[in-house]
Amino acid sequence: MPEPVPEEKPEEQAPEEPTAEVEPQPANDDEPPADGDSDADGDESGNTTLSGLFVEKPPEAIVGVAGSDITIIAKVDSTTLTRKPTMKWLKGKWMDLGSKAGKHMQFKETYDRNTKIYTYEMKIIKLVAGDSGGFRCEVTAKDKCDSSTFEISVEAAQQDTQQADILSAFKRADGGEDDGNLDFSALLKATKKKKMIEKPEIDVWELLKSAHPCDYEKIAFEYGITDLRGMLKRLKKMKVVEPKHSEAFLKKLDSCYSVLKGKKIVLTCEVMDPDVQVKWLKNGQEIKPSAKYIMECSGNVRTLTINRASLADDAAYECVVGEDKCFTEVFVKEPPVTITKLMDDYHVVVGERVEFEIEVSEEGAHVMWFFEDIELVKDHDSPNFRFKKDGIKHTLIILEATLNDIGMYHAWTNGGHTKGELEVEEKQLEVLQDIADLTVRATDQALFKCEVSDEKVTGKWFKDGVEVVASDRIAMTHIGRFHRLLIDNVKPEDAGDYTFIPDGYALSISAKLNFLEIKVDYVPRQDPPKIHLDTTGNMVSQNTIIVVAGNKLRLDVEITGEPAPTCVWTKGDQQITESEGRIRVEARKDLSCFVIEGAEREDEGNYTICVTNPAGEDKAMIFVKIVDVPDPPENVRCTSVGEDCATILWDTPIFDGGAQLKGYLMERKKKGSSRWTKLNFDVFEPTTYEAKRMIEGVYYEMRVFAINSIGLSQPSLTSKPFMPIAATSEPIRLSVHDVTDNTCTLKWLAPEKIGAGGLDGYIIEYCKEGDTEWVVANQELCERQGFVVRGLPVGEKIDFRVVAVNIAGRSPPASLGQPVTIREIMEYPKIRLPRDLRTRFIRKVGEKINLTIPFQGKPRPVATWFKDGQPVDPTMVSIRSSNVDSILFIRSAEREHTGKYELVLKIENMEDRAAIQIQIVDKPGPPQKLQVTEVWGFNAATEWESPKDNGNCEITGYTIQKADLKTKEWFTVYEHNRRTNCTATDLIMGNEYMFRVYSENLCGRSDDPCFCKNTAVIAKTDLEIKRAPYTKKDKSCAPKFTQPLVDRSVVAGYSTTISCSVKGYPKPKIVWMKNKMILGENPKFLMRNYQGVLTLNIRKPGTFDSGKYSCIAVNDLGKEEVECKLSVRLPIDPDKAPEE
């Protein structure tokens, strides 16, 4: 069916635009009906008729005004259908309008759940003359189908209206905001049209009827006819010509042929003359033999084979024999293009690139892209959309996604449809590394550094609210996600609050620069060492420093004391002495610098600094805490699924990175795909998430990221694939089939809605009336739609319910309307004797007898068989009885099985009887006392008596045979003779005959005959033979050719034969000659003469064998000569033959 492209929103039209006219019109006698009209015998009034699947059909004749819109409606009743019907809109025979869906043609499908009626609409916007013609709508549903045809006629807009309001007629209808302005170019064209000289009207159809088919395309182009196929169909129906008898053709070509693109088609006709040459034409042009077009002749049959049919082969073909022709049309149907790879969903942020990719079944296929209801076309004014084709791959590219691009995107072909959803979220900026406060001394260097999540984001630096300007001392850099502010040769005026503000975001990052002044006091005495720790910057407390894993820690500790103290750093019991490497200590005047490059988790711990000089000692302990992104979450799993949703559960990460977890981010993808789709942009705190908007029956996989203040963890391991499926609907039509004293038989039908999860089976439950505890009746799932619940208490009222089960769980229960009383109901015994057993039952000896006699009755009846009033012998007859029938079985029937069998059915004091008469038959014995009673002339009369054994059935006749005593060969005289006497006639005089007789019955003829005791002798009579006188006939005659030689044209290299026939007496001598030269004993020529038929076989002739061949016959009475011309041509190479 054509893909139901949603109808576009109607645009506002000018009030002067003519409205659509869709009215049923009576069929015009001059205009033929649409091809394939199956409703020709229906109602002629133009009203819709109710037949087949259609509840409402389109009118048979629809008239529309050019430039207006029309809508054709068809309705289908689906109450009796098992699946959704499929609708196709066709124009002519083959044109599927589904591939034409767009701005000019729109298709819509709606469904009413209350009435279960599908409504299909085809809307043609702004009718043009090319829209006229025959249309057909076809609906199919499994093994049911229906179709309706209708004709659309397009009339030109009335001139009076245009002249009355000439200004409105030339307004732009699609001008958008300029809708009201005049189209002066159209006004100028209208002025030129008025000055044109009016030509006399010409009836195009009369012109076409008298024209040659090769001129059809030229005439159609001249008079503006665009639907050539519709024109040919209409012209074909208008040309109602009496079929004239063809003298050249025995059987003409069929009226039309259809073939799928790429397949082979054979056109066949039969001619009167098997030797006549034919020509094949395509659209009036002669076809030359080639690898594509193969022409063959076999006797009277002429065939044209078209290999690998293409759309160019869709044409009219002719077979020409002299002046006679036969025509046909070949329609090439293009197979539908299906979608082999479906479209994925996307979840992106603003500015990201999106590529919707599909794969189709055929290269070069036409694919239409839609955003919601709007078709996407290549437009230079809106370059955000790009279309890409690569073989069978088609891609829709959105360069930079915006919030306006959110929605559903569709891809349509003429044989498939897929869709994908695009979700776009606002871009959120995260601060991955904050700016640290700095304390520096004069002439030192200050470096502020921060890291954000988007490397494309730019920003500005401010000092105390004033933008920082670059200079020789101040430099600002932006490399990737890092933004740096570098201040060389720090001065006291550089101290203050520094802030970085990203462009386009309401976010700021601040830090403080402290200027450290150095004061030198000259003290004549010694000072004990002192450690001055800076409690600002990375220190969260007086002795704790937090470092992000991977970052650099540089701790400058000011040391005072006279003389200069010695500084030692230790971690635990291990002293740090390295001055180079990842962890090192750098010594400067009055400073001790502790550096960790690329901090790792193992670097976390307590570090001790100890300074000593002769005046004393000082110690300080610092705890370095390493924080990192958390480990990925553990054990991601799906705990439950629904029709389009699933519940995902996971465990928290083993290591939280040293910082509190903020939440999680989830992603999903279809199994087999490599593209992950984000499910949330805001941090999700719980460890249980319900994923929605999934497709039922498709496998998905999930993964989870953990987030803390440092950043995003690595993704978790992918969950096991899971499929969103829903439980089935409840079983329907639950009913009680049978009830006994302790059992109840239930039956039901499968649920109406099963879904992608399928159906595993059923669970049957019951409980006593008033109780709430349900008892499961079956330990294993019941796969059938019926079950016998056993072990029920007698007389109790029991409620029953049935639940369908699949992988998604239990369905809603199907219950009975009221409880069932467990008590068997007495039912009189009744034998249902089959109709064929109510008369005599006859079987042959040795055949098998198997009689099944159904009966009814409750409780279970007792069945007893009797033969001729006595119980049957179990050694001769096998009996098996069940609750509902009794079977009598005889493996091999014998004559003693014949008799009257009676079945007696008893329930307590009630009984029913049925009798069956069985007759076993066999072949009869031979007749008795056969004798010849009388002989007269050529006749003999015989008589006999009936056989002693008639085979237990009536004798149906006798077969009488005779034999001559000389030859003793038996011949049948009479068959199926019902009397016990017979007269044999037409016996031969002088012969003596014996006779025998077979008896016959229903089983056939007896094995042995009865022979006659005496014979019948046919006496001779005196006869005289009169012979005619003998005269010798003169057979002499001169040679004469009764069949002459015939001119031939053969292919070089293939043996050929020329032949003729001659008569003459005495037998003439034959001489073969070529170009008046006698052919001697040349092995290339084989000459034969068989009963006057003369043949000359030439083995593998060449072009030099061409010439005149003659045959001379000579005898004593004369001489006769015949000749023919033989031409030998070279074979044609099919690879070098030009293709049509």
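**Reading strands, faces and contacts**

Mentor: Let us begin with one pair of residues: Phe-1085 is placed opposite Ile-1098, a residue of strand β86. This is a predicted model, in which local features need pLDDT of at least 70 and side-chain atom pairs count only at pLDDT 80 or more, while totals for chains, interfaces and linings use all residues. Residues are numbered from 1 along each chain as its sequence is written, and side-chain values use heavy atoms, with hydrogens and water left out.

Trainee: Which strands pair with β86?

Mentor: A strand is a DSSP run of E with at least two residues, numbered from the N terminus, and two strands pair if DSSP finds at least two bridges between them. Here β85 (residues 1085–1090) pairs with β86 through six bridges in the antiparallel sense, and β82 (residues 1056–1065) also pairs with β86 antiparallel, over six bridges. From the β82 pairing comes Cys-1060, which lies opposite Leu-1094 of β86. The strands β85 and β86 make a hairpin with two residues between them, and in its turn Gln-1091 has a positive phi of about 55 degrees.

Trainee: Which residues of β86 make up its covered face, and which its uncovered one?

Mentor: In a regular strand, side chains alternate between the two faces of the sheet. In β86 (residues 1093–1098), Leu-1094, Leu-1096 and Ile-1098 form the covered face, whereas Val-1093, Thr-1095 and Asn-1097 form the uncovered one.

Trainee: How should I read the accessibility of a single residue: is Thr-728 buried or exposed?

Mentor: Buried means under 20% relative accessible area, exposed means over 50%, and partly exposed lies in between, using a 1.4 Å probe and protein chains only. Thr-728, in the loop between β52 (700–708) and β53 (732–739), is buried because its relative accessible area is 3%. Phe-327, in strand β18 (residues 324–333), has 46% relative accessibility and therefore counts as partly exposed.

Trainee: Which residues does Phe-327 touch?

Mentor: Contact means heavy atoms within 4.5 Å. Leaving aside residues up to four places away in sequence, Phe-327 touches Leu-253, Asp-254, Tyr-317 and Glu-318, while Thr-728, read in that way, touches residues including Pro-751, Ile-754, Leu-759 and Ala-804.

Trainee: In what order do the strands of the open sheet with β62 run?

Mentor: The order is β62-β64-β68-β67, four strands with antiparallel pairing. Because β62 (827–831) and β67 (878–881) each have a single partner strand, they stand at the edges, with one side lacking a neighbour in the sheet. Three bridges link β62 with β64 (residues 849–858), and Lys-830 has Gln-856 of β64 as its bridge partner.
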